[in-house]
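Reader: Hi! I've just opened this one and would love a friendly tour. Could you walk me through it?

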Amino acid sequence: MVHILLSTYNGEKYIIEQLESIFHQTCQEIRLYIRDDGSEDSTVEKIRQYLAAHPEYQGKTVWVENEAHENLGYMKSYWKLLREASGA
């Protein structure tokens, strides 16, 4: 199993291409952990729409919620993802 960490921030322009690239790799034993770091654009909406349109990827995806919609910066955001992926 390959764990992929994806922290997003205002990435609406390329997020669909990035998801397509991840899900179309030859290795299909993946778990994608996504955390949005307080985007002010439609990044989260686009991700949710993409996953809704592709239910086959929903079981391979874990949302690390950012209920406070806070911007931690990339390092802290990835640490949160890493903790989630490691089960800590």
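**A walk through the model**

Author: Let's start at Y74, which lies in helix α4 (residues 74–86). Helices here are DSSP runs of H or I with at least four residues, strands are runs of E with at least two, and both are numbered from the N terminus. This is a predicted model, where local features need pLDDT of at least 70, side-chain atom pairs count only at pLDDT 80 or more, and totals for chains, interfaces and linings use all residues. Residues are numbered from 1 along each chain as its sequence is written, and side-chain values use heavy atoms, with hydrogens and water left out.

Reader: Thanks! Is Y74 buried or exposed?

Author: Y74 counts as exposed because its relative accessibility is 61%. The cut-offs are under 20% relative accessible area for buried and over 50% for exposed, with partly exposed in between, using a 1.4 Å probe and protein chains only.

Reader: And how far is Y74 from I34 in space?

Author: Their C-alpha atoms are 12 Å apart, with the two positions 40 residues apart in sequence.

Reader: Okay, new topic. What is the strand order in the sheet?

Author: The order is β1-β2-β3, in an open sheet of three strands with parallel pairing. At the edges are β1 (2–8) and β3 (61–63), each pairing on one side only. From one strand to the next, the twist averages 20°. Two strands count as paired if DSSP finds at least two bridges between them.

Reader: What holds strands together in general?

Author: Strands of a sheet pair through backbone hydrogen bonds, either parallel or antiparallel.

Reader: How many bridges are there between β1 and β2?

Author: Seven, and the two strands pair in the parallel sense. The chain gets from β1 to β2 by way of α1, and this β-α-β crossover is right-handed. Right-handed means that, with the strands pointing away from the viewer, the path from the first strand over the helix to the second runs clockwise.

Reader: Which residues are the bridge partners of L5 and L6 in β2?

Author: L5 has Y33 as its partner, and L6 is matched with I34.

Reader: What about the pairing of β2 with β3, how many bridges there?

Author: Three bridges join β2 (residues 30–36) to β3, and these strands run parallel. Y33 has V62 as its bridge partner in β3, while L32 stands opposite T61.

Reader: How many residues of β2 are buried?

Author: Six of its seven residues are buried, so to speak a mostly covered strand.

Reader: R35 caught my eye. Is R35 buried or exposed?

Author: R35, found in strand β2, counts as buried because its relative accessibility is 0%. Its side chain makes a polar contact with the side chain of D37 at 2.7 Å. A polar contact is a pair of N or O atoms within 3.5 Å; within protein, one must be able to donate a hydrogen and the other to accept it, and residues adjacent in sequence count only if both atoms are side-chain atoms.

Reader: What else does R35 touch?

Author: Leaving out residues up to four places away in sequence, R35 touches several others, including L6, S7, T8, E70, S77 and K80. Contact means heavy atoms within 4.5 Å.

Reader: Now the inside. Which residues make up the largest nonpolar core?

Author: There are 12 residues in all: L6, I15, L19, I22, F23, I30, L32, I34, I47, Y50, L51 and Y57. The elements giving two or more residues to this core are α1 (15–23), β2 and α2, and α1 provides the largest share, four residues. A nonpolar core is a set of buried Ala, Val, Leu, Ile, Met, Phe, Trp, Tyr and Cys residues joined through side-chain atoms within 4.5 Å.

Reader: Where does α2 lie, and what does I47 touch?

Author: Helix α2 (residues 43–53) lies across β1, β2 and β3, running at about 145° to β3. Such angles run from 0 to 180 degrees between N-to-C directions, with axes fitted as lines to C-alpha atoms, for helices over the stretch in contact. I47 touches T8, I15, L19, I34 and W63, not counting residues up to four places away in sequence.

Reader: Last one: where are N10 and H69, and what are their phi values?

Author: N10 lies in the loop between β1 and α1 and has a positive phi of about 45° although it is not a glycine. H69 is in the loop between β3 and α4, and its phi is near 55°, also positive in a residue other than glycine. N10 counts as partly exposed because its relative accessibility is 32%, and H69 is partly exposed at 47%.
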